Amino acid sequence: MAYNPEKVSKHFDFEVPLYDSLLKFFPGYNRTIKKLIDETPSGERLLDLGTGTGILAFGLSDRYKEITGVDISPKMIDKCNSLKKKKRIDNCLFDVAEILELKYPAESFDTIISGYVFHHLEDKEKNKLFSDMYNMLKKDGTVIFCDYMKKDLPKKLLDKTLYLANEFGRRVVLVFEGDILNDDESPIKIQDYMNILRDNRFRDIETIDFAYNTDAIIKAKK
Ligand SMILES: C[S@@+](CC[C@H](N)C(=O)[O-])C[C@H]1O[C@@H](n2cnc3c(N)ncnc32)[C@H](O)[C@@H]1O
């Protein structure tokens with residue numbers, strides 16, 4: 001299925017009231033999000049791509065002067081703004097935007113983060129996005145993101161215990177997001193992300209953690 005931003009937006013508008021309940025089906029989510037927050041350096045300006053209900057933005061608000069969270073789903077952004085009021089966090093700004101069409105000037109951000117968003121994009125879109133991220137980052141800025149990734153493990157190992165966890169993770173994703181995942185190839189291998197980062201001139205690329213079999217965090221510097 002080709003990447004379809006309208007479908008993604010409608011799907012996540014629909015998911016807003018269910019979002020917290022759905023997360024219970026993703027056993028690695030909380031641990032990965034916490035680890036991503038811990039691994040994110042402090043700075044002045046941070047951009048959160050596909051902010052959802054703003055979990056990363058709010059989690060980092062005391063370490064940045066200004067945080068911008070963008071999402072293609074207007075209802076996710078409404079939810080962020082109501083949480084922002086409730087939590088009384090003033091330095092988080094939320095905007096409806098397609099992450100492939102951002103218009104921020106070059107060198108706007110110290111850090112760009114993202115949680116569980118890139119699997120919605122096809123490979124050529126991922127490539128464009130990493131090139132845009134490189135431009136939007138300040139010199140020595142950091143990109144850090146987590147997502148479902150296919151692990152490049154020896155088949156024998158996969159066939160045993162990890163196979164089950166892998167299947168379970170994929171199935172959960174497919175049940176809830178089946179109609180918006182591009183196809184089975186959308187979550188790509190860690191090595192492929194590393195290549196995209198390298199192709200787009202990022203350096204010091206590292207994989208930080210596996211929460212469980214299908215999740216990983218990747219961090220790199222401009
Ligand atoms: C699985 S949720 C993750 C939300 C949040 N980052 C988290 O970790 O809980 C994916 C989010 O990415 C947003 N999204 C997907 N594709 C997008 C795109 N092309 N542009 C902007 N937002 C997008 C969706 O609307 C949704 O809110």
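Start by selecting helix α5, residues 74–87, and colour M76, I77, K79, C80 and K84, which are buried. Buried here means that 20 or more other C-beta atoms lie within 10 Å of the residue's own; exposed means 12 or fewer, partly exposed is in between, and C-beta atoms are placed from the backbone. Helices (H or I, at least four residues) and strands (E, at least two) are DSSP runs, numbered from the N terminus.

Before you go on, know that this is a predicted model: local features need pLDDT of at least 70, side-chain atom pairs count only at pLDDT 80 or more, and totals for chains, interfaces and linings use all residues. Residues are numbered from 1 along each chain as its sequence is written.

Back to α5: on which side do its buried residues sit? They cover an arc of only 155 degrees around the axis, which puts them on the same side of α5. That arc is taken from the directions from the helix axis to the C-beta atoms. Spin to the other side of α5 and you'll find S82, K85 and K86 exposed. The buried residues pack against α1, β2 (64–71) and β3 (92–96). Try a ruler too: the 14 residues of α5 reach 20 Å from first C-alpha to last, close to the 20 Å expected at 1.5 Å a residue. The expected span is 1.5 Å times one less than the number of residues. Right after α5, click R88, whose phi is positive, near 55 degrees.

Next, select helix α6, residues 123–136. Which of its residues are buried? They are K126, L129, F130, D132, M133 and M136. They cover an arc of only 165 degrees around the axis, so they lie on the same side of α6. What covers them includes β1 (43–49), β4 (109–115), β5 (137–148) and α8 (190–199).

Now hop to strand β1 and pick L49. L49 counts as buried because it has 24 C-beta neighbours inside 10 Å. Leaving aside neighbours within four places in sequence, L49 is in contact with V70, I99, I112, S114 and V117; two residues are in contact if their C-beta atoms, placed from the backbone, lie within 7 Å. Draw a line from L49 to I112: they are 63 residues apart in sequence, yet 7.4 Å apart C-alpha to C-alpha.

Time for the ligand. Show the 19 residues that surround the ligand; the closest are F12, G50, G52, I72 and G115. A residue counts as near if its C-beta atom, placed from the backbone, lies within 6 Å. The elements giving two or more residues to this shell are α1 (5–15) and α4 (55–59), and α1 gives the most, with three. By class, the shell has eleven nonpolar, six polar and two charged residues. Nonpolar covers Ala, Val, Leu, Ile, Met, Phe, Trp, Tyr, Cys and Pro, charged covers Asp, Glu, Lys and Arg, and the others, Gly among them, are polar.

Zoom out to the whole chain, with its eight helices and seven strands. Of its 222 residues, 38% count as buried.

Last stop: colour by pLDDT, the predictor's confidence in each residue, from 0 to 100. The chain's mean is 83, and 78% of its residues reach 70 or more. Over residues 152–165 the pLDDT is below 50, and it stays under 50 over residues 168–185 as well. Where pLDDT is low, the predicted coordinates should not be read in detail.
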